[in-house]
Amino acid sequence: MMSTRRGRTLASIGLWVIILIVVTLIGSTLPSATQLLVTTSLVLLTGVMALQIFSGNSGILSFGHVGFVGVAAYTTGILAMPAAVKRTSLPLLPEPLQEVELPIVAAMLGGILAATIVGVISGLVIARLGDAASIATLAVLIILHGVMVGAEPFTRGSQTFYGVPRYTSIFVAGITAILAVIVARLFRDSRIGIHLRASRDDALAASTAGVRVQYATLIGWIVSSVIAGAMGAAYAGLLGAFSPKDFYFTLTLTLLTMLIVGGSGSVAGGIVGAFVVTLVVEALRRVGDANEFFGLTNAGLAIIILLTLYFRPRGLLGFREPEEFLAYRKSPTPPDADAAGALPVRNENPGQTVLCGHNLVKNFSGLVALNHVSVDVEAQHVMGLIGPNGSGKSTFVNCVTGVTKPEEARLTLAGEDIARTPVWRRARKGLGRTFQTMRLFRELTVLDNVTVSCISAGMSPHEADQRALQILAVLGVAHHGNRLAGELPYGDQRRVEISRALALNPRVLLLDEPAAGMNPAESRELLRQMETILATTGVGMLLIDHDVALIRSACDSLTVLDYGKVLAHGEPQAVLDQPEVAAAYLGWRESDPSATQEIGATGTERKSL
Amino acid sequence: MNHSHHRRVTGALVAIAAGTLLLAACGSSGSSDSAASSDAAPAGESCTVKVGVATGQTGGLAYVDVPSLEGFDIWVDEVNAAGGIDGKFRVETIVKDTRSDAAQSATVAAELLGEGISFLITPGDADPSIAAGQLAQEAQVPAMSWFGSSPVLPVAVGDFMFSNAFGDNAQARVLANYATQQGYTTAYTLGSPDSAYTSNLPRYFKEAFTSNGGTVVGEGTYTMGQPNFNVIADEIKALNPAPDVIMTPAYEPDFPTFLKAIRGAGINTPVLGTDGIDSPTTLALGETAEGVVYTTAGVLANEGPMGEFFTKYNAKYGKDPEAIFAVTGYELGNVLNAAVTNAQSCDPVAIKDAITNLEGVQGITGTISFKGGDRMAIREIALIKVTGGERSLVEVVIVDPATVPAA
């Protein structure tokens, strides 16, 4: 059951639902004050889940969600309030709303809908902002607060909004919290959820793995606004009376504290955080009240946050769910013996040009990084790209994959113009790449790193996991599947990165120094694996490396770049034999011709420069 | 930051204009005796009045809730030393901190109600008081806010909810009547939507002033903490007809900024303020603030009946009280004293009925009544005029509840 993603998700949901049902049932037998405490913490838990869905998966700390809570609370309040009460408490309310008096559930759904609408509108902005998004969420909070204060006919402005029936019993709160936990846990391992977590670790690498970062952020934001709305709908019936200041910084900090203490990266962290903070606050409050020594709770809360940030900066439970942690040491079940045979064929005709990069020009504030560079990659062939440091090799790959925008370029992939195609779409159309300095999703498991790309290639999470495992097996790292990518040895990390690129089912693989940091044995092993991949999938490869031996044995043709220009192009040995190539490559322009000899003659000896 | 009124930084207040606040005939000591008439309650059995205090001992409301409780505790010590209320009803308090949070106020109130209290004290602000009061209402236990002045407070909860403060609407009535007496017929009001206090007072004033036959010729709004009021000054200058008087509930830092802006623009129209500006800052404005008239509950001064309170406070806490809420907190004790004396019972419903009928309870700043009102305390409101950098008393008024603008 725990061996598949679906199984783990269901087991986890089942466990938490049972725990929350037990908490609710036990709570309902307690004296009213304690019961109210449990009810309150269940409502807060709903809000923590909303934050977890967005902030936990995207890594963007949100200050705005309490605004959605407020919008939903007011809307639910207006819809649920008896018409007779409205005449006194909301005399300025427009006529049609005056008479509305919905059943509680309908009113709550109305509140959630209102929060969702606001979530969609604000999300369209937030999702575009990238690094600035966190500050923008603060703006969302301030704007929504302003709206609540300003919409006097609906909210009574800054005055207390009162007259809401107090319908939030412990059962209403319990059901709301359970639904919130289910949504949060399902979202985490949904396609979008996995993509969003990849973008949390490295947005750029995620987009080269086919992740639509903005879209995933938008969906995460909207889903979390729905859950924040659910908290608001329950909170309105819990308080019965509130004003805009109840949906401002204090509540925001309460929810963020719970999430940060428990661990924002996992649903379990959010739940544990909500209960731990509630219990600590409650215990300290009781001690304080009994001794008339007040302020203990605030001091205690501050200490918990400090201790958490010091000892467990990612929260009590960190970034992983407990069930993922249990699977940590276990290797995933290995796929069928012939994993490579399972790889899909992408290019049918060997030798056919699949990637044309013509006349690429790129300047970095005056420095010409690429000066009319043209390189083509053919199916089932390996094109080597070498040149001294700073000659423009990585810039070429960045321009081709869309990470860097060239001044001029004609780019086609399988005959289709991709010059204006966004990074993620180029990846999905068949450009897989690795980075010179590795960019794995370090907080995701090895398997999830590759699953991200499989999902980009159109698979469901379940299929994606199976395909990912096959690809990892081809590269010989499947046994690491459940470990965190950031913990692997260097060489294995390189293989995971190649697997991730390969999982896009690409037409062309652009490998930027895949053998850097590997010893000769590892290099040879990698070479062998690349040959297998080439033969089974028909992928075209662009290979950048300084390892002359690797280049010589791997490449079908070779292009040499120097100062952003193509210096030589052709059959590898012939190119390497050209004196000016050796001169440029080793930086010995005017001197010792024997250097040429050395390059040309080096056999299997590794020459990493 | 939008709890009602009293923003006063009541630091070491200069003992000022002493006689000013010698409120009318209040010669008697702070400790209570009741002038109320009640339905001849039979002398009850001795019992203990359990008082639950669910207030913000920490957080944003501590500025009112902490001194209020200090004052109330002095009364409790005093009354128990005398054998209890009316010599037989001992008072026991259970204090719990709400951290100035509405949801926490409800939880704490539920706990206190679970302990069988006869009387609940709630924070000096409407939101948490309503949240706690709703539970008291359900449990049929009377609740009273330390000094929440929004007149909506009791309306929102029901017949078991009271406030020890005069309503903002009563304050506005006093200002409107003063304006009319001075012969002003046109007024400009400046409010802010940012808090209930700053948004409601201009509205109440307009209603009261209009009912006196006056006209509000302009209504401006500002953002709390706004750095510059020059545009508003220009707006006032451009008004035609020019207003006879300007009314605003703005307090620090807005009030000084506003006042400097209009005086700097050459507008010498008289200004009416509310109890939020009863602070040393206003007096320190010097010539700019000269002639400003405002309403307030009372001014801390080591003189007269309040001087006696200073002595008691000093004996218990070893310092002078720093906020008028210490005084009003003590006065809440006077109210409870009168109610239990009249009820001759610790039964919550009997106490609630007795509070509803209280009339003329002697406090420190004056008398306090609930009979005939809307469960907001009917108590003296002082009108103060800033003269030569000091407070001078214009008059002390008790507003007829019938003339107060509706909540």
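This tour moves through a predicted model of two chains, A and B, one selection at a time.

**The two chains**

Begin by colouring the model by chain. Chain A holds 609 residues, of which 57% are buried, and its secondary structure comprises 26 helices and 12 strands. Its C-alpha trace extends over about 95 × 50 × 45 Å along the principal axes. In chain A, 76% of the contacts between residues at least 6 apart in sequence join residues at least 24 apart.

Turn next to chain B, where 60% of the 407 residues count as buried. Chain B has 12 helices and 15 strands. For contacts in chain B with a separation of 6 or more, residues 24 or more positions apart account for 70%.

**Where the chains meet**

Select the residues of each chain that touch the other: 32 from chain A and 29 from chain B. On the side of chain A, two or more residues come from each of α2 (32-58), α7 (133-150), α12, β2 (241-242), α14 (267-290) and α15 (296-311). Helix α2(A) gives the most, with 5 residues. Colouring this side of chain A by residue class shows 11 nonpolar, 15 polar and 6 charged residues.

**The largest nonpolar core**

Which residues touch the most other members of the largest nonpolar core? They are A109(B) and L120(B), in a core of 317 residues. Helix α12 (residues 213-239) of chain A supplies the largest share of this core, 17 residues. The core lies between domain 1 (48-166 + 302-376) and domain 2 (169-296 + 384-403) of chain B, because both domains give residues to it.

Now centre the view on L120(B). Leaving aside residues up to four places away in sequence, L120(B) touches G52(B), A54(B), A109(B), L112(B), A132(B), A136(B), V141(B) and A143(B).

**A sheet in chain A**

Return to chain A and select the open sheet of 6 strands, whose order is β8-β9-β10-β5-β11-β12 with mixed pairing. Its edge strands are β8 (431-433) and β12 (565-570), each of which pairs on one side only. On average, and with direction ignored, neighbouring strands in this sheet are turned by 20° against each other.

At the β8 edge, zoom in on the pairing of β8(A) with β9 (residues 508-512) of chain A: the two run parallel and are joined by 3 bridges. L431(A) has V508(A) in β9(A) as its bridge partner.

Add helix α17 (residues 393-401) of chain A to the selection. This helix lies across β5 (382-386), β8, β9, β10 (540-544) and β11 (557-562), and runs at about 145° to β9(A).

**Backbone details**

Most residues other than glycine have a negative phi, and most peptide bonds are trans. The remaining stops depart from that pattern.

Go on from β9 into the loop between β9 and α22 (520-537) of chain A, where E513(A) lies. E513(A), although not a glycine, has a positive phi of about 55°. Is this residue, E513(A), buried or exposed? E513(A) is buried, because 21 other C-beta atoms lie within 10 Å and 20 or more suffice for that class.

Then select A414(A), in the loop between β6 (408-413) and β7 (416-417) of chain A. Its phi is also positive, near 50°. A414(A) is partly exposed, with 18 other C-beta atoms within 10 Å.

Finish in chain B with two cis peptide bonds. One joins N240(B) and P241(B), with omega about 5°; P241(B) lies in the loop between α7 (230-237) and β8 (245-247) of chain B. The other runs from E252(B) to P253(B), with omega near -5°, and P253(B) is placed in the loop between β8 and α8 (254-264) of chain B.

Definitions and conventions
Residues numbered from 1 in each chain as written. Chains lettered and ligands numbered in written order. Predicted model: local features only at pLDDT ≥ 70, side-chain atom pairs only at ≥ 80, totals over all residues. Pairing = 2+ DSSP bridges. Helix = DSSP H or I, 4+ residues; strand = E, 2+ residues; numbered from the N terminus. Axes fitted to C-alpha atoms, helices over the stretch in contact; angles between N-to-C directions. Contact = placed C-beta atoms within 7 Å. Core = buried A, V, L, I, M, F, W, Y, C linked by C-beta atoms within 7 Å. Buried ≥ 20, exposed ≤ 12 C-beta atoms within 10 Å, placed from the backbone. Domains from an automatic or database assignment. Nonpolar A, V, L, I, M, F, W, Y, C, P; charged D, E, K, R; others polar.
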